[in-house]
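Work through the exercises below with the sequence and the structure open. Try each task before reading its solution.

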Amino acid sequence: MKNRYLFIPAGVVVLTLLIVGSLCDLTIAQGIYWADNGFSHFMAGFAMMPLGALIGFILGTLFKMVTNHQYKKKWQNILLVFISFAGLVCGLYVIGMQVTSYHAYNLHKAYSFLFGALSLVPGYLLGYFFYEKVNNKNLIKTYILIAVSVGFMIAFIETTKIIFPRLRYTSIVQLGNNSLFRPWYLTDFSLNKQFVIEHKLVDNEEIKSFPSGHSQAALATAFVMMFIPKLFPKFKGKEVYFFYGGFLYFLIVALSRMLIGAHYLSDTMFAGTVALLVYFTSNEIYLRKIYKE
């Protein structure tokens with residue numbers, strides 16, 4: 001099965017659910033809302049850790065390239081060391097701070113690095129020590145493509161949250177006013193910092209329901225996993241299993257975000273739809289320009 005066909009069934013599922021959510025978001029939210037769902041709180045804190053482990057693996061292999069003297073030029077090694085350690089430090093905080101969020105366990109931000117280390121450090125060590133088993137002459141090109149694709153989606157999600165504010169269902173429940181609900185395509189620009197202050201909401205994140213960052217990160221996990229068979233020859237031809245294992249994880253994460261009212265169905269599936277388009281394009285570039293398929 002060619003890599004380019006992996007996305008079709010996933011795309012059909014995500015687009016169908018996006019349409020359903022666009023029509024029935026509030027009804028679905030009212031029907032499944034479970035504020036004290038322990039599984040959802042756990043996922044709010046730890047859902048991004050698989051992606052963190054994969055990022056750690058990539059960073060670990062970059063540092064191994066330096067210790068193996070794979071590149072002769074000094075500036076190349078300095079650049080790889082900088083990316084490896086700067087990426088590790090940033091990842092420790094970004095991944096770990098999910099555990100400290102209001103929808104997870106509301107811990108002090110100081111714990112961010114500790115929890116981030118639970119995923120990135122093991123992944124980093126695996127990348128460093130298992131680098132010799134990686135067989136891909138286009139490794140750096142592949143990593144750049146992954147970084148650009150995932151980085152673009154993160155930037156897109158965060159920018160969209162700011163430009164198109166949407167009130168989370170948890171806040172609608174808190175305020176007891178269903179009239180504050182808006183479909184994702186009818187943005188309420190009155191939702192701003194002043195609104196948050198006047199209505200005594202937890203923080204500004206409560207007006208950033210659309211789209212779902214956790215869901216996009218879960219789908220990014222599926223995207224990165226799809227490249228594992230290219231890195232490890234013994235898994236050759238197994239791309240479909242790796243991708244859809246990650247895609248199932250995306251659906252679980254999306255459900256967990258909906259259960260605690262952090263997101264609506266359309267929030268999660270919009271992120272999924274756009275992510276699949278970006279990842280399909282990236283996959284085509286990989287197959288045609290890098291892998292020569």
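Helices here are DSSP runs of at least four residues, numbered from the N terminus. The model is a predicted one.

**Exercise 1. Place His-69 and Lys-200, and judge their backbone and exposure.**

Step 1. Find the loops. His-69 lies between helix H3 (49-67) and helix H4 (74-96). Lys-200 belongs to the loop between H8 and H9.

Step 2. Read phi. His-69 is not a glycine, yet its phi is positive, about 55°. Lys-200, also a residue other than glycine, has a positive phi near 55°.

Step 3. Apply the cut-off: exposed means over 50% relative accessible area. His-69 has 57%, so it is exposed. Lys-200 has 72%, so it is exposed too.

**Exercise 2. Find the form of the peptide bond from Phe-210 to Pro-211, and locate Pro-211.**

Step 1. Check omega. The value is near -10°, and the bond is cis.

Step 2. Locate the proline. Pro-211 sits in the loop that runs between helix H8 (193-198) and helix H9 (213-225).

**Exercise 3. Classify the ring pair of Tyr-128 and Phe-129, then look at what surrounds the rings.**

Step 1. Start with the total. The count of aromatic pairs is 27. In the pair of Tyr-128 and Phe-129, the centres are 5.1 Å apart and the planes stand at 85°.

Step 2. Compare with the cut-off. Plane angles over 60 degrees count as edge-to-face. The Tyr-128 and Phe-129 pair is therefore edge-to-face.

Step 3. Add the charge. The charged end of Lys-64 sits over the ring of Tyr-128, 4.4 Å from the ring centre.

Step 4. Check exposure. Phe-129 has 58% relative accessibility, so it counts as exposed.

Step 5. Trace a cluster. Ring pairs connect Phe-7, Phe-243, Tyr-244, Phe-247, Phe-250 and Phe-280.

**Exercise 4. Which residues make the nonpolar surface patch of about 460 Å²?**

Step 1. List the members. They are Phe-42, Tyr-105, Leu-107, Tyr-111 and Leu-114.

Step 2. Take one of them, Tyr-111. Tyr-111 lies in the loop between H4 and helix H5 (112-129).

Step 3. Grade its exposure. Tyr-111 has a relative accessible area of 41%, so it is partly exposed.

**Exercise 5. Follow the salt bridge between Arg-166 and Asp-267.**

Step 1. Recall the principle. Side chains of opposite charge can pair when their charged atoms come close.

Step 2. Read the distance. Arg-166 and Asp-267 meet at 2.7 Å, N to O. The two residues are 101 residues apart and link distant parts of the chain. Arg-166 is in the loop between helix H6 (139-163) and helix H7 (169-175), while Asp-267 is in helix H12 (residues 265-290).

Step 3. Are the partners buried or exposed? Buried means under 20%. Arg-166 has 4% relative accessibility, so it counts as buried. Asp-267 has 0%, so it counts as buried as well.

Step 4. Extend the network. Salt bridges link Asp-25, Arg-166 and Asp-267.

**Exercise 6. How many salt bridges does the structure hold, and how do two further ones look?**

Step 1. Give the total. There are 6 salt bridges.

Step 2. Take Asp-188 and Arg-182. Their closest N and O atoms are 4.0 Å apart. Asp-188 is buried, with a relative accessible area of 14%. Arg-182 counts as partly exposed at 31%.

Step 3. Take Glu-205 and Lys-208. Their side chains meet at 3.6 Å, N to O. Glu-205 counts as partly exposed at 37%.

Technical notes. Residues are numbered from 1 along each chain as its sequence is written. This is a predicted model: local features need pLDDT of at least 70, side-chain atom pairs count only at pLDDT 80 or more; totals for chains, interfaces and linings use all residues. Side-chain values use heavy atoms; hydrogens and water are left out. Buried means under 20% relative accessible area, exposed over 50%, partly exposed in between (1.4 Å probe, protein chains only). Rings of Phe, Tyr and Trp (its six-membered ring) pair if their centres lie within 6.5 Å; planes under 30 degrees apart count as stacked, over 60 as edge-to-face and the rest as tilted. A charge sits over a ring if NZ of Lys or CZ of Arg is within 6 Å of the ring centre and within 35 degrees of the ring normal. Patches are made of residues with over 30% relative accessible area and no salt bridge: like charges are joined within 9 Å, nonpolar side chains (Val, Leu, Ile, Met, Phe, Trp, Tyr) within 5 Å. Accessible areas come from the Shrake-Rupley method with a 1.4 Å probe; for residues, only the protein chains shown count as cover.
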